[in-house]
Amino acid sequence: MKVHVANHPLISHKLTVLRDETTDSPTFRRLVEELVTLLAYEATRDVRTKTVSIKTPVTQTQGLKMAEPRPVVVPILRAGLGMLEGMVRLIPTAEVGFLGMVRDEKTLMASTYANRLPEDLSGRQCFVLDPMLATGGTLVAAFNFLIERGATDITAICILAAPEGIAFVEDAFKDSNVPITLVTGALDEKLNEHGYIVPGLGDAGDRLYGVV
Ligand code: URA
């Protein structure tokens with residue numbers, strides 16, 4: 001797995017406000033969107049393009065446009081939903097599929113409760129949105145869903161990642177021939193005994209949408 005940790009002062013600034021426990025939900029939601037747009041800029045570096053011919057007001061020239069089939073963006077519900085707007089702002093023509101996953105807080109195992117994805121993802125570039133790469137269980141399950149449907153390359157965009165989660169995902173796909181990339185805003189220190197990222201930002205879903 002290729003891991004890219006974004007290193008940019010604007011990302012660091014926004015992350016610091018995001019982590020602060022006094023940041024309210026409306027500000028948190030806005031910052032997540034802004035961060036995703038910045039991370040998506042890096043994550044889409046290898047998005048497929050085609051050469052097209054256009055006429056400017058001055059002359060005929062060639063340029064690049066995004067190629068078909070369009071990329072598929074897959075937010076992992078619930079917290080990944082907070083990242084969708086920031087992503088589709090950058091790629092408005094992307095198709096959007098949904099995966100609903102929940103983690104058992106005792107076993108830390110992820111299970112799927114909703115799945116709305118195209119049946120056939122052959123030849124599609126997929127962008128998975130999940131704010132917190134903690135144990136890695138959710139991402140491994142999500143990537144397996146996409147690979148079973150034929151995805152040809154997968155990029156996960158995570159606001160924060162823990163070293164344990166990265167190692168788990170790397171190990172799970174070490175023999176896979178599907179290229180996998182992770183783009184994250186920061187690589188944090190560790191997981192605590194409850195599976196939370198340290199220093200982290202707490203429960204991303206709760207901070208986005210409240211405790212339900
Ligand atoms: N999920 C979260 O929302 N926060 C963490 O720190 C870990 C998993």
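These are my notebook entries on the empty space and the ligand in this structure.

**Entry 1: the model.** I noted before anything else that I am working with a predicted model, and I number the residues from 1 along each chain.

**Entry 2: enclosed space.** I began with the idea that rolling a probe the size of a water molecule over the atoms shows where empty space is left. When I looked up the search of the whole structure, I found that it reports one cavity of 30 Å³ or more, and for the largest cavity I wrote down a volume of about 40 Å³. I then listed the residues that line the largest cavity, which are Val47, Arg48, Ala67, Pro69, Arg70, Pro71 and Gln125. Sorting this lining by residue type gave me four nonpolar, one polar and two charged residues.

**Entry 3: where the ligand is.** I turned next to the ligand and found that it sits in the largest pocket. Around the ligand I listed Arg103, Met132, Ala134, Gly195, Tyr196, Ile197, Gly202, Asp203 and Ala204, and this shell divides into five nonpolar, two polar and two charged residues.

**Entry 4: contacts of the ligand.** Which backbone atoms lie 2.8 Å from an oxygen atom of the ligand? I found that a polar backbone atom of Ile197 is 2.8 Å from an oxygen atom of the ligand, and that a backbone N or O atom of Ala204 also lies 2.8 Å from a ligand oxygen. For a nitrogen atom of the ligand, I noted a polar backbone atom of Gly202 at 2.8 Å. I closed the entry with the cover: on its own the ligand has 240 Å² of accessible area, and the protein covers 88% of that area.

Definitions and conventions: Predicted model: local features only at pLDDT ≥ 70, side-chain atom pairs only at ≥ 80, totals over all residues. Heavy atoms only, no water. 1 Å grid on protein atoms, 1.4 Å probe; cavity = no way out; pocket = protein on both sides within 12 Å on 5 of 7 lines; lining within 4 Å. Points joined across faces, edges and corners; volume = space filled by probe spheres on them. Nonpolar A, V, L, I, M, F, W, Y, C, P; charged D, E, K, R; others polar. Near = heavy atom within 4 Å. Polar contact = N/O pair within 3.5 Å; in protein donor to acceptor, adjacent residues only side chain to side chain. Areas by Shrake-Rupley, 256 points an atom, 1.4 Å probe, with all protein chains shown as cover. Sits in = over half its atoms within 2 Å of the grid points.
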